[in-house]
Amino acid sequence: MAETIIKVDLKESPYTNEKIHNRWHPDIPMAVKVKPGDDFKIECYDWTGGQIENNDDAVDVRDVDLSQVHFLSGPVGVEGAEPGDLLVVDILDIGAFDESLWGFNGFFSKKNGGGFLTDHFPEAQKSIWDINGMFTKSRHVPGVEYAGLIHPGLIGCLPSKELLDEWNTREKALYDTEPDRTPALATLPYAETAHMGTMQGDAKEKAAAEGARTVPPREHGGNCDIKDLSRGSKIYFPVYVKDAGLSVGDLHFSQGDGEITFCGAIEMAGWIHLRVNLIKGGMEKYAIKNPIFKPSPITPKYDDYLIFEGISVDEGGKQHYLDVHVAYRQACLNAINYLEKFGYSRAQAYAILGTAPVQGHISGVVDIPNACATLWLPTDIFEFNVQPGADGPTVELDGSVQVPLAPDLE
């Protein structure tokens, strides 16, 4: 039986756990050491460190302290790993804690994080999802049930000092182009809420002041939110520091492509079973700059989809040039408008797109001026027929159930 090398106590703050960190920095000491070929289990807090509760009030989502996130388990040092190697990580298994069989999905206030459709959903809302074996349902989003494809939203290795400096330089330059923007263009280093594992004293203060926030994906992996990194996946990570420094967290029970609500999956605490190996000099051998991976062979089997198209013309009718971001946003909005016809609120439809195993595709980027993106909505997740027909849609929901909303404070 695999040893659990990092444990968490959901009743305690992650700040009390020295095998947890919430910034990227090359000087964070390895929390544990393993050898190539070893397999082991790691326990993880939910990405907010327990800030969100299983209730019907979205105030905690509205007031969440995003400067704290993400709380990651690690770093795990791999003996013999050197810069330029590839760290090969197999996800052998993953799951929720028996004592915490629930997860949450949230829309952040535009004033505090925002999201992909924040202009349409500017205030905080939250839905709770119960986990029953491989399936999930929500008391806030009726009429759907689906199998989870559990995965880590965030996994990657520590950056080198040179790579960290590159991140901070380029993200600060972007931030400075519009420093008063809400939401901000980038999340810059912020020492006050940094948790740096076992680091103490002046070394901790220096690292906390320059440690990269965990919000975006970068060259090392990080917060990529790829739903297909599940049981049976194999990931090849570039190694930038001695011993690699693998960290993982932000576990999701289920998510749609794009994680479009930002807190966009069914977020949960849980555990992950990993195995590690090395390919010496693998970055140069295979010309790898960003991680590559093999997807899980175990995926929810949904064969029937409604596919919604979007083009790079925004809600106001403005033409954009081959803009996939705009096109996918339009595909999502088209799907939300469609689901409203069956009685879903816009918030419920948005939550479905963020949490169900929907597929997002870049379908065309050559036909000027419009890119085409598509959102694939599996129809089998619904408890009623959502196919178009000559008789028109049947309103299946009476509006008595809603996604809790917490208005912004003045």
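When I say that two residues touch, I mean that they have heavy atoms within 4.5 Å of each other. Please keep in mind, too, that we are looking at a predicted model.

With that in hand, let's start at Leu246. Leaving aside residues up to four places away in sequence, Leu246 touches Ser73, Gly74, Pro75 and Val76, then Leu87 and Val89. Its list also takes in Ile155, Gly156 and Cys157, along with Phe237, Leu274 and Val276.

Where does Leu246 sit in the bigger picture? It belongs to the largest nonpolar core, which has 74 residues. Ile42, Leu87, Leu246 and Leu377 are the ones with the most contacts inside that core. Helix α5 supplies the largest share of this core, nine residues. There is also a second, separate core of 15 residues, and Trp24, Leu72, Val88 and Val241 are among its members. As general background, nonpolar side chains in soluble globular proteins tend to be buried together.

Now, what does α5 lie across? Helix α5, residues 324–340, lies across β19, β20 and β21, and runs at about 135° to β19.

Those three strands make an open, antiparallel sheet, ordered β19-β21-β20. β19 (305–311) and β20 (359–364) are the edge strands; each has a single partner strand, so one side of each has no neighbour in the sheet. On average, neighbouring strands here are turned by 25° against each other, ignoring direction.

Let's finish with one pairing. β20 and β21, the latter covering residues 372–378, are joined in the antiparallel sense over five bridges. If you'd like a spot to find on screen, go to Ile362: its bridge partner in β21 is Ala373.

Key: Residues are numbered from 1 along each chain as its sequence is written. This is a predicted model: local features need pLDDT of at least 70, side-chain atom pairs count only at pLDDT 80 or more; totals for chains, interfaces and linings use all residues. Side-chain values use heavy atoms; hydrogens and water are left out. Two strands pair if DSSP finds at least two bridges between them. Helices (H or I, at least four residues) and strands (E, at least two) are DSSP runs, numbered from the N terminus. Axes are lines fitted to C-alpha atoms, for helices over the stretch in contact, and angles run from 0 to 180 degrees between N-to-C directions. A nonpolar core is a set of buried Ala, Val, Leu, Ile, Met, Phe, Trp, Tyr and Cys residues joined through side-chain atoms within 4.5 Å. Buried means under 20% relative accessible area, exposed over 50%, partly exposed in between (1.4 Å probe, protein chains only).
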